[in-house]
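Subject: Structure handover

Hello,

I am passing on the structure we spoke about, with notes on what was found in it. Please look through it first and then read on.

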Amino acid sequence: MKPPPPLNYIRSFECSARHLSFTEAAEELGYTQAAISNHVRALEQYLGRQLFIRYPRSLKLTEMGEAFLPTLRQALNQIDFATEAVLASARNKTVVISCPTSLAENWLAKCVAGFSRKHPDVEILLHGTIWEDSTEQIADILISIRRFDNMPANGMQLWNDKLVLLCAPQLVHGQNPLKTPADVLNSNWIAVHGRQEFWQEMADALGIDASANEKRLSTNSTNIALEMAASGAGCVVTTHSLARTYVDRGLLVEPFNIRPRSAWNYYLADGQASKGTTVSKVRDWIIAEAQKVTG
């Protein structure tokens, strides 16, 4: 097996792809333009595939470059997070929290902000995850979403969640409004990868046949799904804990007051790292705030 390419080749490619410019990548990374160009060319030789189409004054990603970039960028983010978390662990009052991005944005950010106002001496590093990743070694507090038949060992359920059907206000009050559950069958159904069962459970609760709907949109992120629904793209089914921010802001409404129990819930667990009383203080705060959440 070939040894992996040097990390500076990877960073040079990612930065060049972000700017679509070797010159701007050089300015950001502190190399010369020639060095960045050489790094990328060496990476292309390593892969045996061209990553950029080079024009006299600009760059364009090839299909291979576009396919390679997202996974590579996620790996670099993980490296950066791990580095920051290790550095943070050396600081006495830094607590590292790993949490799914959707919950981190829609609930935990506000929770952490409240803690920070009360305890300004404690630094919190909040790491949002898409799908689950291996943060047990570096996080002090781990929050994960699991199905009831796959609960984490030693995990504490934060609340009992329920499913909600949501759409933009104009779909309820505009032309062709959603008046009955059967009307939902004529709308786009926005699904989240890994949570497609939400729609089946909601359809059962509404008493409609899920197979009768053929208008589907999908994404890998609940927040993207919520934004699509808020833009009027269709209806979405998600947990109330993630939806309440959008409902409170008036961006989304529930056309029907039907909330079946969710098979998926959020769980809090301690990471392998520990900082004693400081971590306990943050953990207790999160649990207290979680008790205020209702499905």
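Across residues 5-62, the chain is 62% helix and 10% strand, and the C-alpha atoms at the two ends of this stretch are 20 Å apart. Please keep in mind that this is a predicted model. The stretch 5-62 carries the UniProt annotation "domain: HTH lysR-type", which comes from an unreviewed entry.

Domains

The protein is divided into domain 1 (7-79), domain 2 (92-160 + 264-291) and domain 3 (163-249). Domain 2 is thus written as two segments, 92-160 and 264-291. Between the C-alpha centres of domain 1 and domain 2 there are 35 Å.

Salt bridges

How many salt bridges does the structure hold? The count is 10. Three of them are described below, together with a network.

Arg-18 and Glu-28 form one of these salt bridges, with 3.1 Å between the closest N and O atoms. Arg-18 belongs to helix H1 (residues 7-19) and Glu-28 to helix H2 (residues 22-29), so the pair ties together parts that are 10 residues apart in sequence. Are these two side chains buried or exposed? Neither word fits, because the cut-offs are under 20% for buried and over 50% for exposed. Arg-18 has a relative accessibility of 42% and counts as partly exposed. Glu-28, at 42%, also counts as partly exposed.

The pair does not stand alone: Glu-14, Arg-18, Glu-28 and Arg-73 are linked in a network of salt bridges.

A second salt bridge to look at joins Arg-147 and Asp-149, where the closest N and O atoms are 2.8 Å apart. Arg-147 counts as partly exposed, with 23% relative accessibility, whereas Asp-149 has 53% and counts as exposed.

Another salt bridge is the one in which the side chains of Glu-254 and Arg-259 meet, at 2.6 Å from N to O. Glu-254 is partly exposed at 24% relative accessibility. Arg-259 is partly exposed too, at 30%.

If you open the model to check these points, the pair Arg-18 and Glu-28 is a convenient place to begin, since the helices H1 and H2 that hold the two residues are both given above. From there you can go on to Glu-14 and Arg-73, the other members of the network.

Regards

Technical notes. Residues numbered from 1 in each chain as written. Predicted model: local features only at pLDDT ≥ 70, side-chain atom pairs only at ≥ 80, totals over all residues. Heavy atoms only, no water. Domains from an automatic or database assignment. UniProt positions renumbered as here; feature names shortened; annotations may be inferred. Helix = DSSP H or I, 4+ residues; strand = E, 2+ residues; numbered from the N terminus. Salt bridge = Lys/Arg side-chain N within 4 Å of Asp/Glu carboxyl O. Buried < 20%, exposed > 50% of the residue type's maximum accessible area, 1.4 Å probe, protein only.
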